[in-house]
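Trainee: I am new to this structure and would like to get to know it step by step. Could we go through it together?

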Amino acid sequence: MRALPLLLLGLAAASAPALAQMKLQPKAAAAGGAETRYFTAIDGLMDGNADVILKETRQGKAVTAAVLDVCYPADKGSDRKDRFIANLAVNGQTLTGTTQSVADKLPVTIKLTRKQTGDSFEFRGQITVGQTVTEVASSDNSDLSEKEFSDNQATDDGLTAQPKDFTDVSPESVGVRVKLDSAADFLRSLKGEAVEIGASSLAVNCDAMRAGEQTINLAVDPERSAALLARAKSIAGVTATGWTSGAVEMDRTIRFAATDWRDGDKINKDKIATAIAGVLTKTLSAKPSSATWNANTGKLKLVLKRPSGVYPALGLTENLEITALVAPDKPGSTDRLMLWVSSPATSTTDDSAGAKLNLSDDSSSDEEGGEPKDDNGAINALTREFKAQRWDADKSVWK
């Protein structure tokens with residue numbers, strides 16, 4: 001039978017290697033008392049892609065009970081996960097059990113032998129899921145105490161329900177934690193809404209399967225983010241909401257008084273766009289071409305054009321695309337706004353009359369995190385234009 005790339009793994013693909021190298025001294029249980037130990041790095045299953053937790057209850061060195069929890073790709077190379085949990089019968093060094101997988105309802109059979117040598121453990125045998133058999137041959141495994149296991153299980157989806165301001169979280173980026181059996185209904189409730197859903201957050205990973213809930217990441221106009229989160233809280237199955245990290249980078253963000261940039265209680269986005277374009281026209285020595293606000297995310301896309309210096313005789317055009325986001329500087333009532341402006345992304349086109357050259361941009365973007373050569377002090381110029389403050393990362397204050 002085909003070997004299922006499936007077995008005891010490492011708690012998460014990234015942490016598995018580190019856990020596999022750990023050599024932890026088992027703690028002696030209280031005299032006559034039971035002790036719980038965990039394995040999270042029994043290698044081999046699912047081509048190393050399975051996320052496995054083996055929980056053992058011991059009396060001295062003797063195992064009295066065991067539970068095997070395996071989360072794995074439902075199909076080879078797929079992001080979709082399945083999982084099974086089996087209570088194992090213990091007969092000396094033999095661990096056996098049967099169960100059914102959670103998602104695909106496949107029959108599961110486990111037959112393992114366990115051998116301890118000093119602080120090292122070896123597992124051998126077979127795990128069968130449906131018609132697929134995985135041969136288990138895993139040696140040199142280490143176990144964890146309950147505290148060590150608990151510390152390694154800690155996860156953080158980055159949601160901040162009530163941020164004091166938008167310096168640690170991004171004003172357009174929000175998340176909604178929802179129970180798995182309610183997630184589909186929550187997502188259907190967003191149909192027709194002016195909001196963008198992070199496609200990667202739709203995948204139910206192993207942590208979500210074990211927790212019974214997942215976090216859906218959304219991008220929304222900052223002026224509507226609080227209202228969206230308030231509405232989400234009232235939906236059945238939603239357990240937490242909040243802002244999270246997103247587009248805004250503080251080293252390219254300014255803060256300024258809102259008075260001159262509001263029309264009633266709304267941000268005057270046309271005035272903001274005109275001011276940004278006016279500054280960038282000078283600093284980038286370019287002419288404005290278009291300015292478009294994204295109705296879903298509230299982001300502004302500015303395109304400016306200038307003659308390309310790559311091959312002057314051809315009269316080519318360099319296109320500069322800049323993304324900007326304006327938002328209140330914190331949730332709730334505030335008299336200040338913040339503005340983030342991205343580094344320019346460049347491309348080259350032939351905009352001359354008549355027949356044109358078809359150009360491909362194979363290196364159009366500046367390196368992530370690096371200051372582009374043609375930025376020409378744009379953020380400092382915007383700071384002067386808006387009579388704004390810059391963020392002091394060392395002191396964590398606006399200056």
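Mentor: Gladly! Let us begin with a term: accessible areas come from the Shrake-Rupley method with a 1.4 Å probe. Keep in mind too that this is a predicted model.

Trainee: With that term in hand, what share of the exposed area do carbon and sulfur atoms supply?

Mentor: The protein chain exposes about 20600 Å². Of that area, the share from carbon and sulfur atoms is 48%.

Trainee: How many helices and strands does the secondary structure of the protein chain come to?

Mentor: The chain has 399 residues, and buried ones make up 44% of them. Among contacts between residues at least 6 apart in sequence, 58% join residues at least 24 apart. As for secondary structure, the count is 7 helices and 22 strands.

Trainee: Let me try a single residue. Is aspartate 168 buried or exposed?

Mentor: Aspartate 168 sits in the loop between α2 (146-153) and β9 (173-179). Its C-alpha atom is 9.7 Å from that of glycine 246, a residue 78 places away along the chain. The cut-off for exposed is over 50% relative accessible area. Aspartate 168 has 65% relative accessibility, so it counts as exposed.

Trainee: Which residues form a nonpolar patch on the surface?

Mentor: One member is leucine 359, found in the loop between β20 (345-349) and α7 (378-385). Leucine 359 counts as partly exposed because its relative accessibility is 39%. The patch has about 480 Å² of accessible area together, and its members are Val310, Tyr311, Leu314, Leu357 and Leu359.

Trainee: Now for charges. Which residue forms a salt bridge with glutamate 56?

Mentor: The count of salt bridges comes to 20. In the one formed by glutamate 56, the closest N and O atoms are 2.7 Å apart. This pair links distant parts of the chain, with glutamate 56 in strand β2 (residues 51-59) and its partner in strand β6 (residues 107-117), 58 residues apart. Both residues are buried, and the partner is arginine 114.

Trainee: Where do arginine 188 and aspartate 185 lie?

Mentor: These two residues also form a salt bridge, with their closest N and O atoms 2.9 Å apart. Arginine 188 counts as exposed because its relative accessibility is 51%, and aspartate 185 counts as exposed because its value is 51%. They are 3 residues apart, about one turn of the helix, and both lie in helix α3 (residues 180-188).

Trainee: What about lysine 269 and aspartate 221: how many residues apart in sequence are the parts that this pair ties together?

Mentor: The side chains of lysine 269 and aspartate 221 meet in a salt bridge at 2.5 Å, N to O. Lysine 269 belongs to helix α6 (residues 269-283) and aspartate 221 to the loop between β11 (213-219) and α5 (222-233), so the parts tied together are 48 residues apart.

Trainee: And which residues do salt bridges that share partners join into one network?

Mentor: We have already met Glu56 and Arg114 as a pair. Through shared partners, the network consists of Glu35, Arg37, Glu56, Arg58, Arg114 and Asp143.

Trainee: Turning to strands, how many residues of strand β18 are buried?

Mentor: β18 pairs with strand β17 (residues 299-307) in the antiparallel sense over 9 bridges. 5 bridges join it to β20, also antiparallel, and 5 bridges join β18 to strand β19 (residues 336-341), again antiparallel. Strand β18 (residues 317-328) is mostly covered, and the buried count is 10 of its 12 residues.

Trainee: Which residue is the bridge partner of proline 328 in β19?

Mentor: Across to β17, arginine 306 stands opposite glutamate 318 of β18. In β20, the partner of threonine 317 is threonine 349. For proline 328, the partner in β19 is leucine 337.

Trainee: Last one: which element gives the largest share of the largest nonpolar core?

Mentor: Of the 30 residues in this core, Phe256, Ile276, Leu339 and Phe386 touch the most other members. Two or more residues come from each of β13 (253-257), α6, β17, β18, β19 and α7. The largest share is 7 residues, and the element that gives it is α6.

Terms used
Residues numbered from 1 in each chain as written. Predicted model: local features only at pLDDT ≥ 70, side-chain atom pairs only at ≥ 80, totals over all residues. Heavy atoms only, no water. Helix = DSSP H or I, 4+ residues; strand = E, 2+ residues; numbered from the N terminus. Buried < 20%, exposed > 50% of the residue type's maximum accessible area, 1.4 Å probe, protein only. Contact = heavy atoms within 4.5 Å. Patch = residues over 30% accessible without salt bridge, like charges linked within 9 Å, V, L, I, M, F, W, Y side chains within 5 Å. Salt bridge = Lys/Arg side-chain N within 4 Å of Asp/Glu carboxyl O. Pairing = 2+ DSSP bridges. Core = buried A, V, L, I, M, F, W, Y, C linked by side-chain atoms within 4.5 Å.
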